[in-house]
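Me: Please take a close look at a single part of the structure shown below. Explain in plain words how its pieces fit together, and give the cut-off behind each term.

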Amino acid sequence: GTSPQSWDKPLEGKVAVVTGAARGIGATIAEVLSRDGAHVICADIPAAGEALADTANKVGGTSLPLDVSAPGAGAKLAEHALERHGGIDIIVNNAGITRDKLLANMDDARWDSVIAVNLIAPEALVNGLLEKGALREGGAVIDVSSIAGIAGNRGQTNYGASKAGVIGLVDSYAPILAEKGVTINAVAPGFIETKMTAAIPLATREAGRLMSSLQQGGQTVDVAETVAYFANPASNAVTGNIVRVCGQGFL
Ligand code: NAI
């Protein structure tokens, strides 16, 4: 139509899955999508245990223990969604890990695990849903990239490459998913205050905080609200985009 609609619960009746939902950015994404009316399937590694159950309870959703990098994870997710809900409308590929080392000390195990979780899994989950016809028309795929995938970061060749790869995924999937009436976009957060960034050295942390227009570390809700925009049917003509949140790149 030509007139804006007013949305109360824009995701009412929709089913969303958020990976890495036990804590951090993923837990807040689950909250925001639930606020907007979606039923949220909160997925995380089995070891996340109680934290995952807590998120699911808090948002009135369900929990799904799922290692996104395990073989068959996409099929498992698709079957779960088809059995319980008849399909999925929104998938947020948020699960991610860092295994930082300066290049001279970087090793294969660090590369393999980071690529498996951050890059291969977002592709494998969407493919698993497509293969089983579980991704519904009008839906949205939202990937969590990083400013490190745009601007790079010292000590993060593996992580930066994985997050740059996610941008390639978005570009490559956009026309394929458009044929199915599904959008795909990514957020590229700068420095967000979570357990992941609490682990990085102080000087890098301080520099990261200052790259945002806010001149301080971002909060998980800053990322989650951007994800909510991509999930909202009001953005159904917006696909193939990468949006920076809380950071333009190290200056
Ligand atoms: P976090 O470490 O606090 O939470 C990540 C969650 O993902 C954890 O609950 C973890 O158990 C889960 N996870 C890890 N491997 C998994 C697997 N194989 N299967 C299922 N779940 C798995 O991290 P944070 O900060 O909340 O990050 C979330 C996403 O945002 C990640 O993709 C990260 O790379 C990205 N990101 C974070 C930034 C930050 O400043 N915190 C900046 C840019 C991107």
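Reply: Strand β1 (residues 15–19) and strand β4 run parallel and are joined by three bridges. Two strands count as paired if DSSP finds at least two bridges between them. Strands (E, at least two residues) and helices (H or I, at least four) are DSSP runs, numbered from the N terminus. This is a predicted model, in which local features need pLDDT of at least 70 and side-chain atom pairs count only at pLDDT 80 or more, while totals for chains, interfaces and linings use all residues. Residues are numbered from 1 along each chain as its sequence is written, and side-chain values use heavy atoms, with hydrogens and water left out.

Within the pairing of β1 and β4, V17 has I91 in β4 as its bridge partner. Helix α3 (residues 73–85) packs on the sheet and touches β1, β2 (39–44), β3, β4 and β5; contact here means heavy atoms within 4.5 Å. The direction of α3 makes about 155° with that of β3. Helix α9 also packs on the sheet, touching β4, β5, β6 and β7, and its direction makes about 170° with that of β6. Such angles run from 0 to 180 degrees between N-to-C directions, and the axes are lines fitted to C-alpha atoms, for helices over the stretch in contact.

The sheet as a whole is open and has seven strands in the order β3-β2-β1-β4-β5-β6-β7, with parallel pairing. β3 (62–65) and β7 (242–245) stand at the edges, each with a single partner strand, so one side of each has no neighbour in the sheet. From one strand to the next, the twist averages 20°.

Now follow the sheet from β1 towards the β3 edge. β1 and β2 pair in the parallel sense over five bridges, and V17 stands opposite I41 in β2. Five of the six residues of β2 are buried, so this strand is mostly covered; buried means under 20% relative accessible area, exposed means over 50%, and partly exposed is in between (1.4 Å probe, protein chains only). The connection from β1 through α1 to β2 forms a right-handed β-α-β unit. Right-handed means that, with the strands pointing away from the viewer, the path from the first strand over the helix to the second runs clockwise. The next pair, β2 and β3, runs parallel and is joined by four bridges. I41 has T62 in β3 as its bridge partner. The chain reaches β3 from β2 through helix α2 (residues 49–59), and this β-α-β crossover is right-handed.

On the other side of β1, the pairing goes on from β4 (residues 88–93) to β5, which run parallel with five bridges between them. I91 stands opposite V141 in β5. β4, helix α4 (residues 108–131) and β5 make a right-handed β-α-β unit. Strand β5 (residues 135–144) is mostly covered, with seven of its 10 residues buried. Five bridges also join β5 to the parallel strand β6 (residues 183–189), where N185 stands opposite I142.

I142 lies in β5 and is buried, with a relative accessible area of 0%. Not counting residues up to four places away in sequence, I142 touches I90, I91, V92, N93, N185, V227, F230 and A231.

Two helix pairs complete the picture. Packed helices are described by the angle between their axes and the distance between the axes. α1 (residues 24–35) and α9 (residues 220–231) pack at about 45°, with their axes 8 Å apart. That makes α1 oblique to α9: angles under 35 degrees count as roughly parallel, over 145 as roughly antiparallel, 65 to 115 as roughly perpendicular and the rest as oblique. Residues in this contact include I25, I29 and V32 in α1, and V223, V227 and A231 in α9. α4 and α6 (residues 157–178) pack at about 15°, with axes 8 Å apart. That makes α4 roughly parallel to α6. Among the residues that meet are W111 and V114 in α4, and Y159 and L169 in α6.
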